Amino acid sequence: MNKSETILKSSSLSVTAGRKRILDIFLDANNALAHQDIEVKCSDKYDRVTIYRTLQTFLEKGIIHNIPTTDNSVRYALCNEVCISSGHHHDNHVHFRCDNCSKTICLDDVSIPSVKLPTGYSMNEINMVVSGICKTCKKVKVPV
Ligand SMILES: [Zn+2]
Ligand SMILES: [Zn+2]
Ligand SMILES: [Zn+2]
């Protein structure tokens with residue numbers, strides 16, 4: 001059993017070719033993906049609606065989480081084991097958006113600092129996106 005099948009089964013989802021294919025795209029990518037990125041990679045077999053529904057299912061099951069971006073295009077990234085095994089989201093990490101390559105990356109080891117809200121406010125969700133230059137781009141720019 002490969003990784004995508006294991007994830008689908010542990011999330012009590014039936015293993016379909018479409019789900020496997022889309023999950024494999026996430027497993028192969030080391031950055032967050034926009035709906036369009038996924039579409040480009042599997043438009044030969046799956047239409048927009050199928051991809052959209054699959055992403056919604058993955059979001060509900062704690063397999064992927066979404067990341068708001070400044071350009072209004074939502075991106076999706078694979079969750080860690082904690083979300084996947086519990087079926088609930090526990091994502092509390094900072095996201096990094098590279099100004100050079102436009103990739104959005106999960107910084108799993110960097111937690112969002114706690115925010116103290118004024119009395120009367122309650123928090124549902126907190127997101128933090130840091131922009132700058134990623135380590136891959138930094139390497140390219142430094143002459144060896
Ligand atoms: Zn999650
Ligand atoms: Zn970059
Ligand atoms: Zn993330």
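The legends below describe views of a predicted model of a protein with a bound zinc ion.

**View 1. The overall fold of the protein combines six helices and six strands.** Read from the N terminus, the elements follow the order α-α-β-α-α-β-β-α-β-β-β-α. Along the principal axes, the C-alpha atoms occupy a box of roughly 50 × 40 × 30 Å. Of the contacts between residues at least 6 apart in sequence, 49% link residues that are at least 24 apart.

**View 2. The zinc ion (ligand 1) is held by side-chain atoms of Cys-79, Cys-83, His-89 and Asp-91.** The coordinating atoms are SG of Cys-79, SG of Cys-83, ND1 of His-89 and two OD entries for Asp-91, at 2.0 to 2.8 Å. Along the chain, these donor residues show the spacing C-x3-C-x5-H-x1-D. Cys-79 sits in the loop between β3 (75-78) and α5 (81-86), while His-89 sits in the loop between α5 and β4 (93-98), so this pair ties together parts of the chain that lie 10 residues apart in sequence.

**View 3. Two of the zinc donors, Cys-79 and His-89, are shown with their exposure to the surface.** Cys-79 has a relative accessibility of 6% and therefore counts as buried, the limit being under 20%. His-89, at 37% relative accessibility, counts as partly exposed.

**View 4. The surface and charged side chains of the protein are summarised here.** The accessible surface comes to about 9,300 Å², and carbon and sulfur atoms account for 51% of that area, while buried residues make up 35% of the 144 residues. There are 18 positive and 15 negative side chains, and the centres of these two sets are 3 Å apart.

Note on methods: Residues numbered from 1 in each chain as written. Chains lettered and ligands numbered in written order. Predicted model: local features only at pLDDT ≥ 70, side-chain atom pairs only at ≥ 80, totals over all residues. Heavy atoms only, no water. Donors = N, O, S within 2.8 Å, 3.2 Å for Na, K, Ca; no water. Helix = DSSP H or I, 4+ residues; strand = E, 2+ residues; numbered from the N terminus. Buried < 20%, exposed > 50% of the residue type's maximum accessible area, 1.4 Å probe, protein only. Contact = heavy atoms within 4.5 Å. Areas by Shrake-Rupley, 256 points an atom, 1.4 Å probe, with all protein chains shown as cover. Lys, Arg positive; Asp, Glu negative; His and termini not counted. Charge placed at Lys NZ, Arg CZ, Asp CG, Glu CD.
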